[in-house]
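Let's take a walk through a protein model together. Keep the 3D view open and follow along as we go.

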Amino acid sequence: MAMSLASLVAVPSLKLRQAGLAETTLNQDISWVAVTELEDPQRFLSGGELVLTTGLRLKSAADQRRFVRQAQRAGAVGIGFGIGLTHESVPDALIAEANRWGLPLVEVPYEIPFIAIGKLVAESHSADHYSNLERLLAGHQILARSLLTGGGLNELLKQLGSMLRTDVVLTQFSAQLYNSVVGKPAPTADGWASYPIPTGRRDACTLWLRQPFVDSGIVSYAQNLISVELNNMVKQRQAQRAMAGQVLDDVIHGTLETIEAARRLAGVGINSTRKNVVLVAESTAHHKQLISISLPQALEGGVSAVVGKDLVTVINDDGSSATALAKSLSDHLQEAGIHALIGIGGAYTKPNGLRWSYFEARDAVAHGLPVNEPERLSLTSLLLASEDVPLADMASESLTPLRKFDAAHGAELVATLESYLNHNGSVAAVAEALTLHRNTVRYRLAQITELTGYDPSQTQDRVQLWLALAVQRLGSRNPR
């Protein structure tokens, strides 16, 4: 422990005696011992020193009073006055001025060299330094062990909070990865110290520590450990999502029997006997970041997977909370700088219900809003979710002749068909939307009938063509 003036006075071998009445800084730690015979030592002091002098130049009472004032203004913790050389005793003026300014004053006997006092203070600082190093190394071992023994990030942060005797929060965008405070309130700049956690990724993590606390250097070490663990978590998240994605891909495309599908879903944490909702996040510009991005706290209980280029999250919910959960995911991704569209599926049980929910969510994404609710009982989603209906083959058979003709002649038959269906069969509306003559529209519709065998003006054929376009639109966003 660093020594105070009171602890020095208590050392018998030094024979120090308190000469004044002041005790304001008597128990304050001494930062260093400064020996001086200057009349004005102020500019050579930085605060916290014990000033030792024999008063060689302090001949007059005015000089003695000035010396005390200069030492006190410099932040000295006290004055040690050596007697037996220039002065046989501590001058009365020095004592009076020290009492006036509340600066402790001790008498140093002639036989006690100043170096003995300096040595004791230096040794106390050295011992204190080694003690701090030992505590720091012990803290390093505790934090590292918390990770190596499987405790993970939560155990590391719990140990850090115990060492610092304060509350700890770790945030990642809008998500709280850890919070030791009851009720898990969000930390604020007022009353909390924040430390960025660099990981080299798009994950913006921040360590928050409630003030006050004493940092002996352990926080910087904790930052490094947290950074390493977060990178490990990203790799684990990617691996888990890839594995869950393989299972969901097989379930979505109906390649598994119901019993086998339920078993494999359970293996990745999805209970298909309960109602589940599928959320699909699609980002054309940032689909690579979706693979490893964290989820908001509200979705911690869900199972996330990568299907195609999309982030798919399956949550156990009856549908009542689906919109709020999708909104929290959208906000989380926006805060991470990821522009994504979120589609919400319905709440269904069984593997086939999961497939239906997925295709509803995919269909909903086409609405183009940040958060898109499904069209309940969507005919397209229902048919896509049924492995017994070869919609993909039907769509390809119907539309491939049009796409080939467009590629060869630039005829824009597919665009004309889409506009015709979207305008409920109105030739005039299509002509106005595509800036064409009505006869041109009629000619193109005749070509479509000739190439596909389906007449868009007939209700039955129109439904067939509409389904073909819807299936290919969804299928193009979810390549196998």
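Which domains does the domain assignment of the protein chain give? Going along the chain, you meet domain 1 (5-122), domain 2 (150-216), domain 3 (238-377) and domain 4 (391-477). Bear in mind that what you're looking at is a predicted model. To get a feel for the layout, find domain 2 and domain 4: their centres, taken over C-alpha atoms, are separated by 57 Å.

Now let's look for empty space inside. The count comes to 1 cavity of 30 Å³ or more, and the largest cavity holds about 40 Å³ of space. Who lines it? You'll find Leu248, Val251, Ile252, Val278, Val312, Val314, Leu354, Arg355 and Tyr358 around the largest cavity. Helix H6 (218-252), strand E12 (310-316) and helix H10 (350-365) each give at least two residues to that lining. Sort the lining by class and you get 8 nonpolar residues, no polar ones and 1 charged.

Next, hop over to a pair of helices. Two packed helices are described by the angle between their axes and the distance between the axes. For helix H13 (residues 413-422) and helix H15 (residues 438-452), the axes come within 10 Å and cross at roughly 105 degrees. Angles of 65 to 115 degrees count as roughly perpendicular, so H13 is roughly perpendicular to H15. On the H13 side, the contact is made by Leu413, Thr416, Leu417 and Tyr420, while H15 brings Arg444, Leu445, Gln447, Ile448 and Leu451. By class, this contact of H13 with H15 has 6 nonpolar, 2 polar and 1 charged residues.

Definitions and conventions. Residues numbered from 1 in each chain as written. Predicted model: local features only at pLDDT ≥ 70, side-chain atom pairs only at ≥ 80, totals over all residues. Heavy atoms only, no water. Axes fitted to C-alpha atoms, helices over the stretch in contact; angles between N-to-C directions. Helix = DSSP H or I, 4+ residues; strand = E, 2+ residues; numbered from the N terminus. Parallel < 35°, antiparallel > 145°, perpendicular 65-115°, else oblique. Contact = heavy atoms within 4.5 Å. Nonpolar A, V, L, I, M, F, W, Y, C, P; charged D, E, K, R; others polar. 1 Å grid on protein atoms, 1.4 Å probe; cavity = no way out; pocket = protein on both sides within 12 Å on 5 of 7 lines; lining within 4 Å. Points joined across faces, edges and corners; volume = space filled by probe spheres on them. Domains from an automatic or database assignment.
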